[in-house]
Amino acid sequence: MMLSIAARATFVAFAAALAAPALAALDIGDAVPRFTATAALGGKTFRYSLADALAQGPVVVYFFPAADSNDCSIEAHAFAEAIDQFAALGATVIGVSADDIDTLAKFSVKSCQSRFPVASDQSKTVIEGFDALMQTRPDFANRLSYVVAPNGKVAYYYQNLNPDKHVERMLNAVRALPKAAAAR
């Protein structure tokens, strides 16, 4: 059966729409949900508080689909390599996924190189609150990164399943923060 050109174009457009990730995200200037979560750093678990972190300066909150997947490991490694640059700008980093804390404790050592914490959000409350749920695979967080200013509002966000530019874009966004906000 031969489809007409119009029918093929409609089918291709429909298929592309289904395959594309949804571009939902909190917008610049939106207040982020304050959260506490069980997190791991260097294989040890603790209670992470976004409010406590924001009291020290800007926070990069990045969401990732699954620990130990190739792209998530690449992204975590890139954040680990850049953590001193974030610290020099007065910023901290927290990764968040729906993985269980035991998986993340191992990931915090292996891929994060014990340089920054990763938080478990199995209930997806934090993920949903940041509009970071992957629409096509709702058991996972989307690859979405935010710079949260010390006032608790989104200063910048970047969403792309490719992990390559998240760190660079987050560093540039933290650098662009007003000096008073970044120095807190």
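I started with the pairing of S3 and S6, which is antiparallel over five bridges. Within that pair, Val61 sits opposite Tyr146 of S6. Note to self: this is a predicted model.

**S6 and its neighbours**

I then asked how many residues of S6 are buried. Five of the five are, so S6 is largely enclosed by the rest of the structure. I went through the two faces: Leu144, Tyr146 and Val148 are buried on one side, and Ser145 and Val147 are buried on the other.

Next I followed S6 to S7. The two run antiparallel and are joined by five bridges. I looked up the partner of Val147 in S7 and found Tyr156. The hairpin of S6 and S7 has five residues between the strands, and Gly152 there takes a positive phi near 85°.

**The whole sheet**

I stepped back to count elements: the protein has seven helices and seven strands. Along the sequence I read the pattern as α-β-β-α-β-α-β-α-β-α-β-β-α-α.

The seven strands form an open sheet with mixed pairing, and I wrote down the order as S2-S1-S5-S4-S3-S6-S7. Which strands are at the edges? They are S2 (44–49) and S7 (154–159), each of which pairs on one side only. On average, neighbouring strands here are turned by 30° against each other, direction ignored.

At the S2 end I checked S1 and S2, which are antiparallel and joined by six bridges. Ala37 has Tyr48 in S2 as its bridge partner.

I also looked at helix H6 (residues 166–176), which packs on the sheet. H6 touches S3 (59–63), S6 (144–148) and S7, and its direction makes about 165° with that of S7.

**Helix H4**

H4 (residues 101–110) was my next stop. I listed its buried residues as Leu104, Ala105, Phe107 and Ser108. Why do I put these four on the same side of H4? Because they cover an arc of only 165° around the axis. On the other side of H4, I found Asp102, Lys106 and Lys110 exposed.

What do the buried residues of H4 pack against? I got strand S1 (36–41), helix H3 (70–88), strand S4 (92–97) and strand S5 (118–120). As for its placement, H4 lies across S1, S2, S4 and S5, and runs at about 40° to S1.

I had a look at the start of H4 too. A side-chain oxygen of Asp100 reaches to within 3.0 Å of the backbone nitrogen of Asp102 there.

**Cores**

Background I kept in mind: in soluble globular proteins, nonpolar side chains tend to be buried together. Here, buried residues make up 45% of the 184 residues in the protein.

The largest nonpolar core has 27 residues, and I noted the ones that touch the most other members: Leu50, Val61, Phe63, Val96, Phe130 and Tyr146. I then asked which elements give two or more residues to this core. My list came out as S1, helix H2 (50–54), S3, S4, helix H5 (125–129) and S6.

Back to Val61, the residue opposite Tyr146. Leaving out residues up to four places away in sequence, Val61 touches Leu50, Ile94, Val96, Phe130, Leu144, Ser145, Tyr146 and Val148. Apart from this core I found another one, of 26 residues, with Val60, Phe64, Ala82 and Val167 among them.

**Two loop residues**

Arg143 caught my eye in the loop between H5 and S6. Buried or exposed? Arg143 counts as buried, because its relative accessibility is 3%. I looked up what its side chain meets: there is a polar contact with the side chain of Glu75 at 2.6 Å. A polar atom of the Arg143 side chain also lies 2.7 Å from the backbone oxygen of Leu161.

Leu89 is in the loop between H3 and S4. I put Leu89 down as partly exposed because its relative accessibility is 26%. I also checked Leu89 against Arg175: their C-alpha atoms are separated by 6.9 Å, with the two positions 86 residues apart along the chain counted as the spacing.

Last entry, on contacts in general. Taking contacts between residues at least 6 apart in sequence, I noted that 66% join residues at least 24 apart.

Technical notes: Residues numbered from 1 in each chain as written. Predicted model: local features only at pLDDT ≥ 70, side-chain atom pairs only at ≥ 80, totals over all residues. Heavy atoms only, no water. Buried < 20%, exposed > 50% of the residue type's maximum accessible area, 1.4 Å probe, protein only. Arc of directions from axis to C-beta. Contact = heavy atoms within 4.5 Å. Polar contact = N/O pair within 3.5 Å; in protein donor to acceptor, adjacent residues only side chain to side chain. Pairing = 2+ DSSP bridges. Axes fitted to C-alpha atoms, helices over the stretch in contact; angles between N-to-C directions. Core = buried A, V, L, I, M, F, W, Y, C linked by side-chain atoms within 4.5 Å.
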